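Let's take a walk through this model together, from its annotated site to its charged pairs and helices. Keep the structure open beside you as you read.

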Amino acid sequence: MGKVVEVNHPLIQHKLTIIRDEKVGTKDFRALVDELAMLLTYEASRDLPLEDVQVKTPIQETTKKQLAGKKLAVVPILRAGLGMVDGILQLIPAAKVGHIGMYRDEKTLEPVEYFIKLPEDIDQREVLLVDPMLATGGSAKDAISALKKRGAEQIKLITLVSSPQGIAAVKDAHPDIDIYTASIDEGLNDDGYIVPGLGDAGDRLFGTH
């Protein structure tokens, strides 16, 4: 059974509060999303396997730990998920990057898949699926299904802001998935946006309306 982790680190909460402010411009919003993605990935990668290695310091030889060569992939849900990729790659530069393109039908609020490009060995990698907002859960749920259909078995979902409804939708469809989020907000409004949320993350990242 996968877990839901609301990461309450003070730096994460501070930066998230800043980007909620409607007056924050695109440049600062982008930079802070990068930083938040990095900090959330730090928490989500806590269980990566380690192995013993020999290393010679300027003083003596010793046995210490390093990552055990686990293959990772970062997969943003387009387009807003792109804003989280660079921050994660700063921590894990060897990770491969895939893309899943979905948009939400404004009438039905259901996701429509239009593009998928993944590393060929996605079935051998732990996948960090990223999207700033987990609102209705439709896009995340379908993105996870698309990953599983292509052989991915170890998937973690990383979001900045989540609604209880979105979390429930993902867990109902994929109870094995771990979800890491900086905040579980109050809920959704009639338009399917997270309340209080931070607006449309894609528009704020890319300066569109």
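## A tour of the predicted model

Isoleucine 194 has a relative accessible area of 7%, so it is buried, the cut-off for that being under 20%. Please bear in mind that this is a predicted model.

Isoleucine 194 sits in strand E13, which covers residues 194–195. Not counting residues up to four places away in sequence, isoleucine 194 touches a list of residues that includes Met133, Leu134, Ala135, Val161, Ser162 and Ser163. Asp185, Gly187 and Leu188 are also among the residues touched by isoleucine 194.

There is a good reason to begin here. The UniProt record, an unreviewed entry, places the feature "binding site" at Ile194, Gly199, Asp200 and Ala201.

Aspartate 200, another position in that record, lies in the loop between E13 and helix H6 (201–206). Is aspartate 200 buried or partly exposed? Its relative accessible area is 29%, so aspartate 200 is partly exposed. Beyond its neighbours within four places in sequence, aspartate 200 is in contact with Arg79 and Tyr193. The side chain of aspartate 200 also reaches the backbone nitrogen of aspartate 203, at 2.9 Å.

### Charged pairs

How many salt bridges does a search of the whole structure find? The search finds 11. Here are some of them, with their N to O distances.

| Acidic partner | Basic partner | Distance, N to O |
|---|---|---|
| Aspartate 21 | Lysine 23 | 3.6 Å |
| Aspartate 121 | Lysine 71 | 3.5 Å |
| Aspartate 121 | Arginine 125 | 2.8 Å |

In the pair of aspartate 21 and lysine 23, aspartate 21 counts as partly exposed at 31% relative accessibility, while lysine 23 counts as exposed at 69%.

Aspartate 121 forms a salt bridge with lysine 71. This pair links distant parts of the chain, 50 residues apart: aspartate 121 is in the loop between strand E7 (111–117) and E8, and lysine 71 is in the loop between E3 and E4. At 15% relative accessibility, aspartate 121 counts as buried, whereas lysine 71 is partly exposed at 36%.

Aspartate 121 also meets arginine 125 in a salt bridge, and both of these residues are buried. Elsewhere, salt bridges that share partners join Asp47, Glu126 and Lys156 into one network.

Lysine 71 has further company. Leaving out residues up to four places away in sequence, lysine 71 touches Asp121, Gln124, Arg125 and Glu126. Lysine 71 and glutamine 124 are 53 residues apart in sequence, yet their C-alpha atoms are 7.0 Å apart in space.

### An acid without a salt bridge

Now compare aspartate 131, found in the loop between E8 and strand E9 (133–134). Aspartate 131 is buried but has no salt bridge. Where is the nearest side chain of opposite charge? That is arginine 79, 9.4 Å away. A salt bridge needs the two charged groups within 4 Å, so a pair at this distance does not count as one. Setting aside neighbours within four places in sequence, aspartate 131 is in contact with Ile77, Ala80, Gly81, Met84, Ile158, Thr159 and Leu160.

### Two helices and a strand

Met84 leads us to helix H3 (residues 82–91), whose buried residues are Gly83, Met84, Val85, Gly87 and Ile88. What covers these buried residues of H3? The cover includes helix H2 (26–44) and H6, together with strand E4 (72–78), strand E5 (96–97), strand E8 (126–130) and strand E10 (154–162).

Helix H4 (residues 138–149) lets you check a length for yourself. At 1.5 Å a residue, its 12 residues should span 16 Å, and its end C-alpha atoms are 16 Å apart, which agrees. The buried residues of H4 are Gly138, Ser139, Ala140, Ala143, Ile144, Ala146 and Leu147. Just after H4, glycine 151 takes a positive phi of about 105°.

Our last stop is threonine 62, placed in strand E3 (residues 61–67). Threonine 62 has 19% relative accessibility and so counts as buried, since the cut-off is under 20%. Apart from its neighbours within four places in sequence, threonine 62 is in contact with Val53, Gln54, Val55 and Thr57.

Technical notes
Residues are numbered from 1 along each chain as its sequence is written. This is a predicted model: local features need pLDDT of at least 70, side-chain atom pairs count only at pLDDT 80 or more; totals for chains, interfaces and linings use all residues. Side-chain values use heavy atoms; hydrogens and water are left out. Helices (H or I, at least four residues) and strands (E, at least two) are DSSP runs, numbered from the N terminus. Buried means under 20% relative accessible area, exposed over 50%, partly exposed in between (1.4 Å probe, protein chains only). Contact means heavy atoms within 4.5 Å. UniProt positions are given in the numbering used here, feature names are shortened, and annotations may be inferred rather than shown by experiment. A polar contact is a pair of N or O atoms within 3.5 Å; within protein, one must be able to donate a hydrogen and the other to accept it, and residues adjacent in sequence count only if both atoms are side-chain atoms. The expected span of a helix is 1.5 Å times one less than its number of residues. Lys and Arg count as positive and Asp and Glu as negative; His and the chain ends are not counted.
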